[in-house]
Amino acid sequence: MYYKEEFQNLSQQFDKKQAEKLQLDYLVRMIDKLEEKGIDDEIILQRFEELKSQLEKVKAEFKGNKSIFIRDMKALMEYVRKNHALVAKGHYSMTYMMYGMSIGVALGVALMSMGNTAFLAVGIGAGLAIGYGAGEQKEKQVNLAGNLY
């Protein structure tokens, strides 16, 4: 339905490093989850067709077409997240870690007012740990709901 075999065949034509840069494993896992949930969306199908043709262009010239493929794949992942509540593994961990670091920098700057600049690192470290922990907790909830791919 969503070209799973074609993406698997195309991903085997890239070496391991290139396949990781293109994040082709996300596509295959997304297709598995869409089929498992029985989601039949015409927009998703159209975007998979576009990605398939772009991936064939990337195969011909990796450097020039890679960024276009990745941009469109991220747009597809965002569409699936917003409209069908399916999220890629690591999404919430990274997002919450970013928020935690932002809060940690603010905390570190506030602690630096006590006269020691090393407190900035303490704030960043604490914010990173809290943010990552919160993100992992959110991913566990999403995984239990069956919406993590």
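Which residue follows α3, and what is the sign of its phi? The legends below take up this and other close-ups of a predicted model.

**View 1. The end of helix α3 and the glycine after it.** Gly38 is the residue that comes after α3, and its phi is positive, near 70°. The helix itself covers residues 24-37, which makes 14 residues. From its first C-alpha to its last, α3 reaches 20 Å, close to the 20 Å expected at 1.5 Å a residue.

**View 2. The buried residues of α3 and what covers them.** Take a look along the helix and you will find Leu24, Leu27, Val28, Met30, Ile31, Lys33 and Leu34 buried. The elements that cover these buried residues include α1 (4-12) and α2 (16-22), along with α4 (42-60) and α5 (62-84). Lys33 is worth a second glance here, as its side chain returns in a later view.

**View 3. A salt bridge between Arg29 and Asp25.** Here the two side chains meet in a salt bridge, at 3.2 Å from N to O. Both residues belong to helix α3, where they sit 4 residues apart, about one turn of the helix. Arg29 counts as partly exposed because its relative accessibility is 28%, which lies between the 20% limit for buried and the 50% limit for exposed. Asp25 is likewise partly exposed, with a relative accessibility of 41%.

**View 4. A salt bridge between Lys33 and Glu36.** This pair also lies in helix α3, with 3 residues from one partner to the other, about one turn of the helix. Their side chains meet in a salt bridge of 3.4 Å, N to O. How do the two partners stand, buried or exposed? Lys33 is buried, since its relative accessible area of 11% is under 20%. Glu36, in contrast, counts as exposed, because its relative accessibility of 58% is over 50%.

**View 5. Arg71 with Asp72, and a network of salt bridges.** Arg71 and Asp72 form a salt bridge in which the closest N and O atoms are 3.3 Å apart. Arg71 is exposed, and its relative accessible area is 53%. Glu78, Arg81 and Lys82 are joined into one network by salt bridges that share partners. To place these close-ups in the whole, the structure holds 6 salt bridges.

Technical notes. Residues numbered from 1 in each chain as written. Predicted model: local features only at pLDDT ≥ 70, side-chain atom pairs only at ≥ 80, totals over all residues. Heavy atoms only, no water. Helix = DSSP H or I, 4+ residues; strand = E, 2+ residues; numbered from the N terminus. Expected span 1.5 Å × (residues − 1). Buried < 20%, exposed > 50% of the residue type's maximum accessible area, 1.4 Å probe, protein only. Contact = heavy atoms within 4.5 Å. Salt bridge = Lys/Arg side-chain N within 4 Å of Asp/Glu carboxyl O.
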